[in-house]
Amino acid sequence: MVRRKKKAQVSVYLDPEIMTMLADYAARRDHSQSMIAEAAIASFLSPDADERREAAIAKRIDQIDRRLMRLERDLGITVETMAVFIRFWLSSTPALPEPAAQAARAKAAERYDAFVTALGRRLAQGPKLRQEISEDIDSAGNS
C-alpha cells in the first residue's frame, strides 16, 4: 500500500481574469484547478524554467524563420513569373495602327475584367500557382 503525503493548502488571491483563464483551462483539459495551479507554480519555481522558456522561444523563432523563407521563395516565384510574362508579351506583341489600337484597347478592357474575375475565383478556391509548380517539378523528377 502506497501512502501519499497530505498536501498543504494555500489560499491565494487571483485577479478575476486570471481566475477565469484558470477555470477555462482546467475545464478544457478536464483537470482540477488545483492541479493546474500546482503545475504552474512548480514550473515557475523550477530551476530550468528559464531554459525551457528560452527553448520555446527559440522554437517559435525557427517556425517564423521557416515561414519567412517560404514567403521569400513565393515572392521570388511571383517576381520571376511576372518578369517572364512581361518579357514574352513585349517581345511578341507588335504595335498596332491607330484604328486597330482603339479596338484593341476596348477588347483589352473586356479581357482585363474577365481576368480579374477569374483571378478572384482562383484565389478563393483553386490551387495556388506555387503548389502547381511544386507538383509539376516533383512529377517531372519522378518520371
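These exercises, each with a worked solution, concern a predicted model.

**Exercise 1. Overall make-up**

Task: State how many helices and strands the chain has, and give the order of its elements.

Solution.
- Step 1. Count the elements: there are five helices and zero strands.
- Step 2. Read from the N terminus: the order is α-α-α-α-α.
- Step 3. Turn to burial. The chain has 143 residues, and 5% of them count as buried.
- Step 4. Add the surface. The accessible surface of the chain is about 13,400 Å². Carbon and sulfur atoms hold 60% of that surface.

**Exercise 2. A salt bridge across the chain**

Task: Find which residue pairs with Glu38 in a salt bridge, and say where the two partners lie.

Solution.
- Step 1. Recall the principle: side chains of opposite charge can pair when their charged atoms come close.
- Step 2. Apply the cut-off, which asks for a side-chain nitrogen of Lys or Arg within 4 Å of a carboxyl oxygen of Asp or Glu. Five salt bridges result from this rule.
- Step 3. Pick out the partner. Glu38 meets Lys7, with N to O at 3.0 Å.
- Step 4. Place the two residues. Glu38 sits in helix α2 (residues 33–45), and Lys7 sits in the segment before α1 (16–29). They are 31 residues apart, so the pair links distant parts of the chain.
- Step 5. Check exposure. Glu38 has 42% relative accessibility and therefore counts as partly exposed. Lys7 has 56%, so Lys7 counts as exposed.

**Exercise 3. Two more salt bridges**

Task: Give the N to O distances for the salt bridges of Arg105 with Glu98 and of Glu110 with Lys107.

Solution.
- Step 1. Take Arg105 and Glu98: the N to O distance is 3.0 Å.
- Step 2. Class these two residues. Arg105 is partly exposed at 49% relative accessible area. Glu98 is partly exposed at 46%.
- Step 3. Take Glu110 and Lys107: their closest N and O atoms are 3.2 Å apart.
- Step 4. Locate this second pair. Both Glu110 and Lys107 belong to helix α4 (residues 98–125). Three residues separate them, about one turn of the helix.
- Step 5. Class them too. Glu110 is partly exposed at 49%, and Lys107 is partly exposed at 38%.

**Exercise 4. Surface patches**

Task: Name the residues of the positive patch and of the nonpolar patch on the surface.

Solution.
- Step 1. List the positive patch: Lys59, Arg60, Arg66, Arg67 and Arg70.
- Step 2. Examine one member, Arg66. Arg66 is placed in helix α3 (residues 49–92). Its relative accessibility is 45%, so Arg66 counts as partly exposed.
- Step 3. List the nonpolar patch: Val10, Val12, Leu14, Ile18, Met19 and Met21. Together they have about 560 Å² of accessible area.
- Step 4. Examine one member, Met21. Met21 belongs to helix α1. Its relative accessible area is 54%, so Met21 is exposed.

**Exercise 5. The aromatic pair**

Task: Describe the geometry of the pair formed by Tyr112 and Phe115.

Solution.
- Step 1. Choose the descriptors: a pair of aromatic rings is described by the distance of the centres and the angle of the planes.
- Step 2. Count: the structure holds one aromatic pair.
- Step 3. Give the values. Tyr112 and Phe115 are 6.3 Å apart, centre to centre, with 35° between the planes.
- Step 4. Class the geometry. Under 30 degrees would be stacked, and over 60 would be edge-to-face. The angle of 35° falls in neither class, so the pair is tilted.
- Step 5. Locate the rings. Tyr112 and Phe115 both lie in helix α4, three residues apart, about one turn of the helix.
- Step 6. Class exposure. Tyr112 counts as exposed at 52% relative accessibility. Phe115 counts as partly exposed at 49%.

**Exercise 6. A backbone angle**

Task: State what is notable about the phi of Asp30, and decide whether the residue is buried or exposed.

Solution.
- Step 1. Set the background: most residues other than glycine have a negative phi.
- Step 2. Read the angle. Asp30 is not a glycine, yet its phi is positive, about 60°.
- Step 3. Locate Asp30: it is in the loop between α1 and α2.
- Step 4. Decide. Exposed means over 50% relative accessible area. Asp30 has 69%, so Asp30 is exposed.

Conventions
Residues are numbered from 1 along each chain as its sequence is written. This is a predicted model: local features need pLDDT of at least 70, side-chain atom pairs count only at pLDDT 80 or more; totals for chains, interfaces and linings use all residues. Side-chain values use heavy atoms; hydrogens and water are left out. Patches are made of residues with over 30% relative accessible area and no salt bridge: like charges are joined within 9 Å, nonpolar side chains (Val, Leu, Ile, Met, Phe, Trp, Tyr) within 5 Å. Accessible areas come from the Shrake-Rupley method with a 1.4 Å probe; for residues, only the protein chains shown count as cover. Lys and Arg count as positive and Asp and Glu as negative; His and the chain ends are not counted. The place of a charge is taken as NZ of Lys, CZ of Arg, CG of Asp or CD of Glu. Helices (H or I, at least four residues) and strands (E, at least two) are DSSP runs, numbered from the N terminus. Buried means under 20% relative accessible area, exposed over 50%, partly exposed in between (1.4 Å probe, protein chains only). Rings of Phe, Tyr and Trp (its six-membered ring) pair if their centres lie within 6.5 Å; planes under 30 degrees apart count as stacked, over 60 as edge-to-face and the rest as tilted.
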